[in-house]
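Me: I've got this model open on my screen and would like a close look at one part of it. Could you walk me through the surface around the RNA, and how that ties in with the rest of the protein chain?

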Amino acid sequence: MFGNAPQGHFLRGASQGGEQADQLYLGMLGSLIAFLWSVAEYLHNEDADLTVKALKGFKDILPDEVRTWQMIEQIARDIFHRFGFSEIKTPVLEKTELFARSIGEATDIVEKEMYTFDDRHGASITMRPEGTASVLRSFIEHGLHVQRPVQRLYTMGPMFRYERPQKGRLRQFHQMSVEVLGSDNPKVDAEVIAMARLLFNELGISVTLEINSLGCRSCRPLFNSRLVEFLKECAGRLCPDCERRRLTNPLRVLDCKNEKCRALFDKAPVISDHLCDQCRDHFTDMEDGLKLLDIPYSVNPFMVRGLDYYTRTTFEFVSNALGAQSAVGAGGRYDGLTKDLGGPDIPGIGFAIGMERLVLLISQQGKNAHATSIDLFVAALGKAAREPAFKMAHALRVKGLQVAIDHEGRSLKSQMKQAGRLNSGYTFIIGDDELEKGVGALRNMVTHDQSPVTLPGDLEDWAAKMVKIIK
RNA sequence: GUGAGCGUGGCUCAGACGGUUAGAGCACCGGGUUGUGGCCCCGGAGGUCGUGGGUUCAAGUCCCAUCGCUCACCCCA
């Protein structure tokens, strides 16, 4: 913003400073003009707003909203633990190769959405766009499959994708994701789906479940080639979007909302007709599992996932209250992925839930986070009371109470107001009178009862006594 | 990457056909109660009307540009 100001004027003036006084004078004048110039330029600069704002698509989660996040996380952890899952935390940065190999080179995520850059030694690294790849990398790297035949893991944290932000979609977003590694049993698929279902139920939000099977590496190619062939016959009669998708992402075409396209697709090949025997059995066994647990669902043969690693079971929890980004949670089976990442061939299934979308739903229909509250507000009146009050507040905090205190020397009325705002259970009032008598006033903020409490001789004993009264 | 809508105190928004000191509610601070919260009443602080330019005697209002936000396409959690 000072970029166009004349440069080097000071040096010029200084280096020739021995020559003549008026030259020095001219140099100083030049400096002054340059300074005024840059100030004027600064004042006229259209980017003169000096406030630094968050990056596009990156959002602050303010304290009020954090309470909702904490509630979600607490309920989620509780449920995951009930199902025998353990938390794992992996780094946000990984080698770019990890995602290229797992998600797929040709996917939108890898092609144009990743935050990828070279580190200081020129190695290509990427901020994770999703969680599964990292968890599997860690699983393989530490040989977790050796410790236990079936591992149940979950993780929570930020993910990054460079997309145009819109409702329910940010560049930094957060997921809770869950992985079961080491079993290809279809009942595990049903169990994992049931767990997600339970989480939505306990959060009080209504979502519908859609399931599908994408087949495996032996039967999907056949379906794919039939589909591509079919679409080739439709060429020219499809909507522009579909004409494009026909070549880039054939499965997506079947999901088109255009009526003319839909009419054409009546005769399109359907994945369920092309599943191999094992895949079909797997799917029906999973359906049986869902029925056994009374999990309602619908089969959506057009459901397609944007990550290449999915095989067989895929599923999505959708809501019509989210705008265009209707999926709150989604996942599927990814048998073969560990092998692709250079590890042993271990089957797996998992899902991810988008936190921001969950929060959006909860704000509309879900259960509210508890209001925050504290145990006690210590109100000190007058200079003499402040130091003892400060010591008492600390002693109570050491004993485990949630205590607030005001250091600004405000009026009692103002301090009472603060206590009310903080939802304090009690207020302890100490002023000159109380100091003199050695007795403070403990006010119950709910019943308005006020009772005298002797000021501490021994701080610790006193604090212990107070805890008994208040708790 | 493409398209549309919107930018006025911290938040939600009013501001007729351009016209003189730019308003309200919520929130905040103080007072009414010489030391007692939520309700009520009174007062206060807080805005270069996103930014730059243009038209005009006069621009929050009209025009152009630019930046930002939002929603949608695409794609995904």
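Reply: Buried residues account for 32% of the 471 residues in chain A, in what is a predicted model. The chain holds 19 helices and 16 strands. Of its contacts with a separation of 6 or more, 68% are between residues 24 or more positions apart.

Now to the RNA. There are 56 residues around RNA strand B, and the ones that come nearest are Gly306, Gly323, Ala324, Gly354 and Asp433. Quite a few elements chip in with two or more residues: strands S6 (172–181), S10 (327–333), S11 (348–354) and S15 (439–444), along with helices H10 (240–248), H15 (355–365), H17 (412–421) and H18 (432–437). Helix H17 has the largest share of this surface, with seven residues. Sorted by class, the surface near RNA strand B breaks down into 22 charged, 17 polar and 17 nonpolar residues.

Let's follow H17 and S15 away from the RNA, since they lead to a sheet. Strand S15 sits in an open, mixed sheet of five strands, ordered S13-S12-S14-S15-S16. The edges are taken by strand S13 (403–405) and strand S16 (450–454); each has a single partner strand, so one side of each has no neighbour in the sheet. From one strand to the next, the twist averages 25°. S15 and S16 run antiparallel and are joined by five bridges; in S16, valine 453 is the bridge partner of glycine 440. Two helices pack on this sheet. Helix H16 (residues 383–398) touches strand S12 (374–380), S13 and strand S14 (424–430), with a direction about 165° from that of S12. H17, the helix with seven residues at the RNA surface, touches S12 and S14, and its direction makes about 170° with that of S12.

Strand S11 is the other one to follow: it gives residues to the RNA surface and spans 348–354, and Gly354 is among the residues nearest to RNA strand B. Take isoleucine 353: beyond its neighbours within four places in sequence, it contacts Gln175, Met176, Ala196, Val328, Gly329 and Leu358. Ile353 is also one of the residues with the most contacts inside the largest nonpolar core, together with Val192 and Ala196; that core has 69 residues. Helix H8 (residues 186–203) gives the most to it, nine residues. There's a second, separate core as well, with 21 residues, including Leu376, Phe377, Met392 and Ile430. As background, nonpolar side chains in soluble globular proteins tend to be buried together.

One more piece to find on your screen is another sheet. Three strands make up this open sheet, in the order S2-S4-S3, with antiparallel pairing. Strand S2 (93–95) and strand S3 (115–118) are the edge strands; each has a single partner, so one side of each is left without a neighbour in the sheet. Neighbouring strands here are turned by 35° against each other on average, ignoring direction. Four bridges pair S3 with strand S4 (residues 124–127) in the antiparallel sense, and aspartate 118 stands opposite serine 124 in S4. Helix H4 (residues 96–103) lies across S2, S3 and S4, at about 75° to S2.

Note on methods. Residues numbered from 1 in each chain as written. Chains lettered and ligands numbered in written order. Predicted model: local features only at pLDDT ≥ 70, side-chain atom pairs only at ≥ 80, totals over all residues. Pairing = 2+ DSSP bridges. Axes fitted to C-alpha atoms, helices over the stretch in contact; angles between N-to-C directions. Contact = placed C-beta atoms within 7 Å. Near = placed C-beta within 6 Å. Nonpolar A, V, L, I, M, F, W, Y, C, P; charged D, E, K, R; others polar. Core = buried A, V, L, I, M, F, W, Y, C linked by C-beta atoms within 7 Å. Buried ≥ 20, exposed ≤ 12 C-beta atoms within 10 Å, placed from the backbone.
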